[in-house]
Amino acid sequence: MTRRRWLADEVSGTHAALTGTHADHLIRVLRARVGQEFDISTGFSVHCGRITKIGDQRVEFELGEEIPTEAKTHITLALSIFKFDRMEWAIEKCTELGAAEIVPLIAHRTDTHLAAASVKRIDRWKRIAREAAEQSRRATLPEVAMPLRIKEAAGLQTTNRILLNESEEQVNFTDALDSCTPGSSLLLAIGPEGGWTEAEQQLFRASDWVSASLGETILRTETAAIAAVAIAMSRAR
């Protein structure tokens, strides 16, 4: 039977712990008992963990053998902020698919009220990402960054940078992926509802991003994000 995987809140040598509401779920919902074994991720590796102590909002583990995990391409998703219920769904699904980092973007067409409220949503988005990472048995917790303006986002540096652009007519996404350096990090930018403005497209091009299309149909922001991450992960080399 596959063991449930947890991302540790504390790690010290061969010991780890879950704390707060994170531990409460294991104690009260799953009725944890001393001696039970779970997979515990330290953020760098995954180990077989045996419960040694259960306290008030705290579960302690002794870490045993390391469990091999498959290395994957590091994918950062720069996701333009849109309606929060649908954005939360996109964060959950992209985490399940393997996105290593999610950077919320404030684009020209981002609703001003959503942009203003986005900073207060960061903790909730991080919690959604943690729950999705544990559910999907990931070895690492994806980072959810503070929102960035487009000018800042265009300057983000990594080996391969692709702008998903519905108006792109020459380059499709799979061809752009094929031209990436094998085994290197990848940064994907997803536009807001209504797409990128011409000025934003020019800014990304001036910063040497590759513009690529996901196809002939116009996708919702959350659909584009999930599709792009899924395709990139399936072609990771």
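How many Å² does the chain expose, and what share of that area do carbon and sulfur atoms supply? The exposed area comes to about 12300 Å², and carbon and sulfur atoms supply 48% of it. Please keep in mind while reading that this is a predicted model.

## The chain as a whole

Let us start with the overall build. The secondary structure of the chain consists of 8 helices and 13 strands. The radius of gyration is 20 Å, close to the 18 Å that the globule rule gives for 237 residues, so the chain is as compact as a globular protein of that length. If you turn the model along its principal axes, the C-alpha trace spans about 60 × 40 × 30 Å.

Next, the inside of the chain. Of its 237 residues, 49% count as buried. Among contacts with a separation of 6 or more, 72% are made by residues 24 or more positions apart.

For a feel of distance across the model, pick out Ser12 and Gly194. Along the chain they are 182 residues apart, and their C-alpha atoms are separated by 48 Å. Ser12 has its place in strand E2, which covers residues 10–12. With a relative accessibility of 54%, Ser12 counts as exposed.

## Helix H1 and its neighbours

Helix H1 runs over residues 20–29, and its buried residues are His22, Ala23, Asp24, Leu26 and Ile27. Which elements do the buried residues of H1 pack against? Several strands are on the list: E1 (5–7), E3 (15–19), E4, E5 (46–55) and E6 (58–67). Helix H4 is a further partner of these buried residues. After H1 comes Arg31, which has a positive phi, near 50 degrees.

## Charges and salt bridges

The chain carries 29 positive and 33 negative charges, and the mean positions of these two groups are 4 Å apart. The count of salt bridges comes to 14. Three of them are set out here, each with its N to O distance.

| Salt bridge | Distance, N to O |
|---|---|
| Asp39 and Arg137 | 2.9 Å |
| Glu92 and Lys93 | 3.0 Å |
| Glu96 and Lys93 | 3.5 Å |

Take the pair of Asp39 and Arg137, whose side chains meet in a salt bridge. Asp39 lies in strand E4 (residues 37–41), while Arg137 sits in the loop between helix H4 (122–135) and strand E9 (143–144), so the pair ties together parts that are 98 residues apart in sequence. Are the two partners buried or exposed? Asp39 is buried, because its relative accessible area is 2% and buried means under 20%. Arg137, at 29% relative accessibility, counts as partly exposed.

Lys93 appears twice in the table. One of its salt bridges is with Glu92, and another is with Glu96. Where do Glu96 and Lys93 lie? Both are in helix H2 (residues 84–97), 3 residues apart, which is about one turn of the helix. An α-helix has 3.6 residues a turn, so residues three or four places apart point the same way. As for accessibility, Lys93 is partly exposed at 22%. Glu92 is partly exposed too, with a relative accessible area of 28%. Glu96 counts as partly exposed at 31%.

Some salt bridges share partners, and in this way Arg5, Asp39 and Arg137 are joined into one network.

## Positive phi angles

Arg137 returns here for its backbone. The phi of Arg137 is near 60 degrees, a positive value in a residue other than glycine. As already seen, the place of Arg137 is in the loop between H4 and E9.

Where can Asp208 be found? Asp208 is in the loop between helix H7 (198–206) and strand E13 (210–212). Although Asp208 is not a glycine, its phi is positive, about 70 degrees. Asp208 counts as exposed, with 64% relative accessibility.

## Looking back

To retrace the tour on the model, begin with the 8 helices and 13 strands. Then find H1 and its buried residues, including Leu26 and Ile27. From there, move to Asp39 in strand E4 and its partner Arg137 in the loop between H4 and E9. Finish in the loop between H7 and E13, where Asp208 has its place.

Conventions:
Residues are numbered from 1 along each chain as its sequence is written. This is a predicted model: local features need pLDDT of at least 70, side-chain atom pairs count only at pLDDT 80 or more; totals for chains, interfaces and linings use all residues. Side-chain values use heavy atoms; hydrogens and water are left out. Helices (H or I, at least four residues) and strands (E, at least two) are DSSP runs, numbered from the N terminus. The radius of gyration is taken over C-alpha atoms; the globule rule is 2.2 Å times the number of residues to the power 0.38. Buried means under 20% relative accessible area, exposed over 50%, partly exposed in between (1.4 Å probe, protein chains only). Contact means heavy atoms within 4.5 Å. Accessible areas come from the Shrake-Rupley method with a 1.4 Å probe; for residues, only the protein chains shown count as cover. Lys and Arg count as positive and Asp and Glu as negative; His and the chain ends are not counted. The place of a charge is taken as NZ of Lys, CZ of Arg, CG of Asp or CD of Glu. A salt bridge is a side-chain nitrogen of Lys or Arg within 4 Å of a carboxyl oxygen of Asp or Glu.
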